Structures are given as structure tokens and as C-alpha cells.
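This report covers the domains, sheets and nonpolar cores of one protein chain. The sequence and structure are shown first.

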Amino acid sequence: MHPGFVEWTIQAFRNYLTAWQAHRESTDTPAVIPVRPEWVVHRKLEERDSRGVLIYEWTSWGRRYRSADGSVREAWLIQLNEPKDRSAAEKTEIAHVAAHGTPLGAAERTPAETVQPQLVKVVAFGTGSAKAKPLGEWHVSATPELFREHVVKRAMAVMDDTKRRPGSNCAECKITVTCESLKKFDFLPAVAARPRGRRTLSVTDLRMYDACPARYHLDRQLGLGVRDMAESPEIVRGRAVDAWLNQKHDGESVRCDADDMLALSFPELQPDQSEQVTRMLAEHTAFCPMSETADLPPRVQPQLSAYDERLGVVFVATPDLLFRRDGAWVWRETKTAGRPIWRGRPLLRQFPQLAMGTLLLAAGVVGDLSRASRVELEHLRADGGQLEEVDPNQPEVLAEAREVIGDLTRPLLFDDRFEAKPGTGCGGCPVLGWCSPGRAHLARAAEAEVSGELG
Ligand SMILES: [Zn+2]
């Protein structure tokens, strides 16, 4: 195990024990005995239904407890970060399973485990704090009707929906290799393969790995990062611009113009930030690609992916906008910045999203590449803007894109240790809480600052 994952696990476990203890003291629930066998609501039909199903089984994931006499059951849901509320459908399903589920595995169950309870309770726990959040309690006679009302129809809709939506889940999917909706492409012929299961990679993953392998592993692969961290003013500003453009472009082929910018207001931002966002959006009117003559509507932030079978990598990206021009799809990335694009470094290296866009267009994720296919970078500042264009049809552009993504991917594929690379990013890192090299780095930096001041 990664040392950061070990630290996280110990902390999460301690939080659980503290939350459990505090919950016991604050309620009169006698449900204190852990139940090992899973609760399952089992329903066997007389004959197969229209789906070809004979048996339905409902379960829920979490920890199970009961009172000594079996009359009260408690289901604990475990999630990352802070405990949060669940939808009515989720809560009802969990309560119904706790109320009417029978423990599977006859050999392990005790008589008290098979007693039908009278009362069930559902509690949420988040690994990031030592708090438990009660989500409600139900008398067992009430759950069947609530279950029919909130869960059954929705669950049937899920079971009957067989549409395929390629995306970041493709890496874990059982039909990835044969799936016709997932494009296959030889992304990086120059990168050696390493058979180690399948994984998903985006440009965010690659950049994060490049900055710090431990952060990539703990945050992106294991999902352990703290989620509610304060964002920098640049990120807040960029998000405001993105959000406005996404809403304006979604499903509409109407070009943004100066009139749209008259009534802009961003009350959630600081006044100076709000002014910058307004000026950036005004710059956008020069580059807005919406056109009423487009043959298909634009797609805002679609999730796109393609599979490199040799490397075992599903490459994913979410372009800001896909729109039609001259019968071809154009991939648009919009960036906000304080300064113009620096010319000292190739564009695709500075913005690997453009390289990924080039490869995914070449992979055919939005249909065959056509002569008018392009990847564009819309670079917006408060005092100006630029539009750069990349042509995925040019062999040298494709080769450069492969080099850029290949250089970022190669070291990641061959890494097993994911060592921390402490540096300037440690201060705002979402996994600092379980990264001792990062904390040591910050302590040293603070010390150096103090001794510098003294010297
Ligand atoms: Zn626009």
C-alpha cells in the first residue's frame, strides 16, 4: 500500500470509531451488534419476466448493526469526505433492505439475525470527519409502500436503459474490448506497453502526475482528496466564464453579441473579479463560434473517450464545446488568463488538452476526421483575446500530439511507487493531510522563512 493510503486509512478508521461512539451516546438505539451476513430482499417470480429475469435481489452497501433481540437494525453508509444526505430513493432502498432483508448464508447466521426488526435506522458517515449524520428511521410496515413509490420505477428505468455512454467508467467495464460505442485507436505507438490492467487517463491526470505522482495516485486514482478546498481567484474567475458560456451555448446556435454583455452581473464574485469576467466575456463575442446555419446543434462539455487496447488505457476528455463548421466537428477549448500566450514553448506542450483533442478527433470519437475538423484554443483575457487553431489532418501535428501525450503518459505507466514530489503545490494540495513528505516540506519552508527573517 502507498504510505499516504496507509495514513488515510488509519485516520478514517479512527474517525469511524469516534463517530460510532458519539452516536451511541447521543441516541437510545440499542443496535450495537455488527451483522456480518448481508441483508438481501429476495423475490422469485413465477416465471421469467419481459427482461428474462427470474430472481430480483435488492441489497445495499455499508455496515450493518442490530440490537441484541433483533428488533432494531441500523445501516451505516460510508462515503469519502463529509457525511451527506441522500436522495429519497436511496434512503428508501436502504431502509427497505434493512427492514425486509434476510441475511444470506445460512451457515453464518444466528437466530437473532433472522428476526424481522420493528424499526430500522439509516446513518451516514464520511471518512473525513468524526461525525455521523442520522438520515432517518422507519417502521418496517412503512417501507414496502415507500419502496414502490420511490424506488421501483426508477430502478426499472435503470435496468431497461441499455444506451451506451463511453466515458471514464469504460476502464472498469466488462465489455470494453468488444463495445462498439467505444472507439479504438493506437494513440501512442512509440510508448512501450505494460500489461497491468486497464486505466483511465485524462490530461488532468497526466498533468497532476507530472507535478506530483503521490497526489495523482491518492487524489485521482483513489479519490481521497479533500473536496471543499478554497479555490484561487484565477480558478474562480475561469469557472464563472465557463459557466456563463456553457449556459449560453447549450443547445442554442445563437451567436453571443454585445447585447448579451449589457446586463451581466456576478453577485457571487468580488467586484474586481466580476469586472474581469465581464470583460473576458466581451472578448468572447469576437470568437463566438455559434452559427444559425450549423447543420447540427453544438455540444457543451461532452464527455469523450477512446481506447488504446495495446496500452490498456481509456483516454478521456471533456472539451468545452464541440460545434459544427463546414460539415465537420470543431473542438474548442476556452482558457482564461492574465497574460497573452507565451511563444517560447510549442502550443501543444503548453496546452496538452489541444494534443488530446487532436488524438481523440483522429480516433474518430465524433465521426470520421474531415478536412475541416479542427481543435481550437480560445484564450481570453480581460484586455484581449486570441484564437489558435490546430489541424489534426496534418501528419506533423498528429505526430507532435503523440509526442506530447506520450511524454506525459510513459513515466506514469511504469510507476509503481507514486512518490511525492514536494514543492510549491503542497500548500493547496487536497491530499496533504495524508502526505508526510508534503507536510515535512511545508514545515521546512516555514522554518526557512523564519530563519530568513531573523537573519
Ligand atoms: Zn458564444
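## Domain arrangement

In this predicted model, the C-alpha centres of domain 1 and domain 3 are 41 Å apart. The domain assignment places domain 1 at residues 3-160, domain 2 at 183-413 and domain 3 at 424-454.

Contact between domain 1 and domain 3 involves 4 residues of domain 1 and 4 residues of domain 3. On the side of domain 1 that touches domain 3, 1 residue is nonpolar, 2 are polar and 1 is charged.

## The four-stranded sheet

An open sheet is built from 4 strands in the order β9-β12-β13-β10, and its pairing is mixed. Strands β9 (183-184) and β10 (199-201) form the edges, each pairing on one side only.

Strand β9 pairs with β12 (residues 304-308) in the parallel sense, over 2 bridges. In this pairing K184 stands opposite Y307 of β12. Helix α10 packs on the sheet and touches β9, β12 and β13 (313-317). The direction of α10 makes about 115 degrees with that of β13.

## The largest nonpolar core

The largest nonpolar core has 57 residues, of which F315, A355, M356, L359, L360 and I405 touch the most other members. Helix α10, residues 352-363, supplies 8 residues, the largest share of this core. The core lies between domain 2 (183-413) and domain 3 (424-454), because both domains give residues to it.

One of the residues that touch the most other members is L360. Leaving aside residues up to four places away in sequence, L360 touches L304, A306, F315, A317 and V365.

A second core, separate from this one, has 19 residues, including V41, A75, V97 and F125.

## The β7-β8 hairpin

Strands β7 (residues 119-126) and β8 (residues 132-139) run antiparallel and are joined by 7 bridges. The hairpin connection from β7 to β8 passes through 5 residues. Across this pair, K121 stands opposite E137 in β8.

In a regular strand, side chains alternate between the two faces of the sheet.

## Summary of the main elements

Helix α10 appears in two of the descriptions above: it packs on the sheet through β9, β12 and β13, and it gives 8 residues to the largest nonpolar core. That core lies between domain 2 and domain 3, whereas domain 1 and domain 3 are in contact through 4 residues of each.

Note on methods:
Residues are numbered from 1 along each chain as its sequence is written. This is a predicted model: local features need pLDDT of at least 70, side-chain atom pairs count only at pLDDT 80 or more; totals for chains, interfaces and linings use all residues. A nonpolar core is a set of buried Ala, Val, Leu, Ile, Met, Phe, Trp, Tyr and Cys residues joined through C-beta atoms within 7 Å. A residue is buried if 20 or more other C-beta atoms lie within 10 Å of its own, exposed if 12 or fewer, and partly exposed in between; C-beta atoms are placed from the backbone. Domain bounds come from an automatic or database domain assignment. Two residues are in contact if their C-beta atoms, placed from the backbone, lie within 7 Å. Ala, Val, Leu, Ile, Met, Phe, Trp, Tyr, Cys and Pro count as nonpolar, Asp, Glu, Lys and Arg as charged, and the others, Gly among them, as polar. Two strands pair if DSSP finds at least two bridges between them. Axes are lines fitted to C-alpha atoms, for helices over the stretch in contact, and angles run from 0 to 180 degrees between N-to-C directions.
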